[in-house]
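Here are my notes on the model you sent over. I've put them as numbered points so you can follow along in your viewer.

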Amino acid sequence: MHEKSIAELSKALNNKDISSHELTLAYLDRIEAHRDLNAFVTVDRARALKQAQAADARLKSGQSGMLTGIPIAQKDIFCTDGLPTTCGSRMLANFVAPYDATVIQKFNTAGCVLLGKTNMDEFAMGSSNETSFFGPVHNPWDRRCVPGGSSGGSAAAVAARLAPAATGTDTGGSIRQPAALTGITGLKPSYGRVSRYGMVAFASSLDQGGPMARSAEDAALLLNVMAGFDPRDSTSVDRPVPDYTRTLDESIVGLRIGLPREYFGEGLGTEVGRMIEAALDQYRKLGAKVVEVSLPNSRLAIPCYYVLAPAEASSNLARYDGVRYGYRAPEYADLWEMYAKTRAQGFGAEVKRRIMIGTYALSAGYYDAYYLKAQKLRRLISGDFDRAFERCDVIMGPTSPTTAFEFGSKTDDPVAMYLSDIYTISVNLAGLPGMSIPAGFDGSRRPIGLQIIGRYFDEARLLNVAHKYQQVTDWHLRVPEGF
Amino acid sequence: MSLDRTDVERIAHLARLEVGEQELAAYAETLSRILGLIEQMNAVDTEGIAPMSHPLDAGLRFRADEVTETDQREVFQGIAPSAQAGLYLVPKVIE
């Protein structure tokens, strides 16, 4: 059953070949059997099975949609009424949200079953899932390796087939990089496409939720549920949402693929580069044309991001003061100490580093030199994409310079870890949609991801371009040994 | 830009983070390294370029001034570390 796509599962549910209760139980048992991956922070079996029974009633009454009865894993950054929402942090380890995020509400309305909440880097700050208060997630392809991050739990869960699909969030690559490192399909929508309401804030001008699934077709089904205007999110964009499954099969003959020469230079792993070339050959066979483009300011993306994201994070995370919810230090002499000890004990090392960098960048006298300067560079980086898209329809390249790396190999050097997102970050800065799809393996059988970047609100085309590739390749159907 | 222990103490104070004496040197070292990365920005002349805060340069929306939220004080205070009689409790700040 866990080998099936969402479309197949949906058909089975609607034909009454299987009930949502049986399906949910099967996945819950798989999660239990593979607890050593540490992909989930919270699993509430009774609640999931109750939701499944409600879905079965809907399926019986004919009031069902495409996703009714399908179990979905939710990244533990989306607030869920009545269940812990930890964001991978000690600060929120005891936090039970009193409301649902819009994304959760939409999945509930669609009749999906919430299978569990997935592990993640603390407050989504990390590229390896090693910053989680609940311990690292193991990559199902090689347990000595990280699954990527920050949506590492969601990625591992989908790769190991512990869930048919999951949600993630992406501020600098947190959907695409773990998708690449675990051999699954992940989509970061355009900024403003998916509501951020109830999604714990990291860097508000960059954060965006999206689907993580086995295939582009499954991702399209999820995006159909997730996308849409939300008046409760001030940056949500009011634009009609197409049916993302409708255009999956459209021809890509004549599609112009832009290759940014900056994405194929120093730092790119040889085997990754070779598999990306092979994927491009596949696209040529499908009738696409490859043109060279340039993103001359892309080398500035990392420095620019490491001002903007920490600055926004330091402001967003100021709310964790031990007063209204979350962790409070057990001992303190006065209010000042209560704040300082609560935050020192509640946050992990990487989060504290970023809060301090952000605080420094925003402190009196430094605003122009850091935040304003970075916002200007952001304009240049975004302008590069505008110019490139005059010559092509989509941009392709590697998602990550390397395949999954071993635990501890980058934890001592934050700057080395930051470089893991070198190809993904500029997409967030520009606010564009970006995808990662499986495009092969390296010599150690670790997955390689192909990144596809589109114009604003061109998610349907990204999914179409990814789907066509998945119709003629089977990388996305490979399952790690033992799963 | 290289930070020293005094800079770290000042930043930690602004960020309301307790940083122990023995952690100061390590923070100074790592934060300086990150700032070194950030300073690559200075290689580019950005004179006359408009800062970008939203990818679509969207402004804030207006909404009708209507009451849409209901009173959920008890629910919200139910998850507070310390609350009593509708108030959040913190250490005394006024003598």
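1. Start with α5(A), where G152(A), G153(A), S154(A), A155(A), A156(A), A157(A), V158(A) and A159(A) are buried. That is eight of the eight residues of this helix (residues 152-159), so α5(A) is largely enclosed by the rest of the structure. Its cover includes β1 (40-42), β2, β3, β4 (165-169), α6 (176-182) and β6 (209-213) of chain A. Bear in mind that this is a predicted model.

2. Two backbone details sit around that helix. Just after α5(A), R161(A) has a positive phi of about 60 degrees. Ahead of the helix, S150(A) belongs to the loop between β3 and α5 of chain A, and the peptide bond from G149(A) to S150(A) is cis, with omega near 15 degrees. For context, most residues other than glycine have a negative phi, and most peptide bonds are trans. I'd look at both spots in the viewer.

3. There are further positive phi values at non-glycine positions. A124(A) has phi near 65 degrees and also lies in the loop between β3 and α5 of chain A. It counts as buried because 31 other C-beta atoms lie within 10 Å. K16(A) likewise has phi near 65 degrees, in the loop between α1 (6-14) and α2 (20-33) of chain A. K16(A) is exposed, however, because it has 10 C-beta neighbours inside 10 Å.

4. Now for β2(A). Five of the five residues of this strand (residues 71-75) are buried, so β2(A) is largely enclosed by the rest of the structure. Which residues point which way? P71(A), A73(A) and K75(A) go one way, I72(A) and Q74(A) the other, and all are buried. That fits the usual picture, since in a regular strand the side chains alternate between the two faces of the sheet. The strand pairs with β3(A) (residues 113-118) in the parallel sense over five bridges, and P71(A) stands opposite V113(A).

5. I72(A) comes up again in the largest nonpolar core, which has 169 residues: I72(A) and C304(A) touch the most other members. Helix α9(A) (residues 301-316) gives the largest share of this core, ten residues. Outside its neighbours within four places in sequence, C304(A) contacts A374(A), L377(A), R378(A), I381(A) and L429(A), as well as M41(B) from the other chain.

6. On the interface, 40 residues of chain B are in contact with 53 residues of chain A. On the chain B side, the elements giving two or more residues are α1 (5-14), α2 (24-38) and α3 (73-77), and α2(B) gives the most, with seven. The chain B side divides into 29 nonpolar, six polar and five charged residues.

7. One helix pair to check: α7(A) (residues 216-226) and α15(A) (residues 459-472) pack at about 155 degrees, with their axes 8 Å apart. That angle makes α7(A) roughly antiparallel to α15(A). A216(A), E217(A), A219(A), A220(A) and L223(A) meet E459(A), L463(A), A466(A), H467(A) and Q470(A). By type, the contact has six nonpolar, two polar and two charged residues.

8. Last, S294(A), in the loop between β8 (289-293) and α9 of chain A. Is S294(A) buried or exposed? It is partly exposed, with 15 other C-beta atoms within 10 Å. Apart from neighbours within four places in sequence, S294(A) contacts P260(A), R261(A), E262(A) and A388(A).

Notes
Residues numbered from 1 in each chain as written. Chains lettered and ligands numbered in written order. Predicted model: local features only at pLDDT ≥ 70, side-chain atom pairs only at ≥ 80, totals over all residues. Core = buried A, V, L, I, M, F, W, Y, C linked by C-beta atoms within 7 Å. Buried ≥ 20, exposed ≤ 12 C-beta atoms within 10 Å, placed from the backbone. Helix = DSSP H or I, 4+ residues; strand = E, 2+ residues; numbered from the N terminus. Contact = placed C-beta atoms within 7 Å. Nonpolar A, V, L, I, M, F, W, Y, C, P; charged D, E, K, R; others polar. Axes fitted to C-alpha atoms, helices over the stretch in contact; angles between N-to-C directions. Parallel < 35°, antiparallel > 145°, perpendicular 65-115°, else oblique. Pairing = 2+ DSSP bridges.
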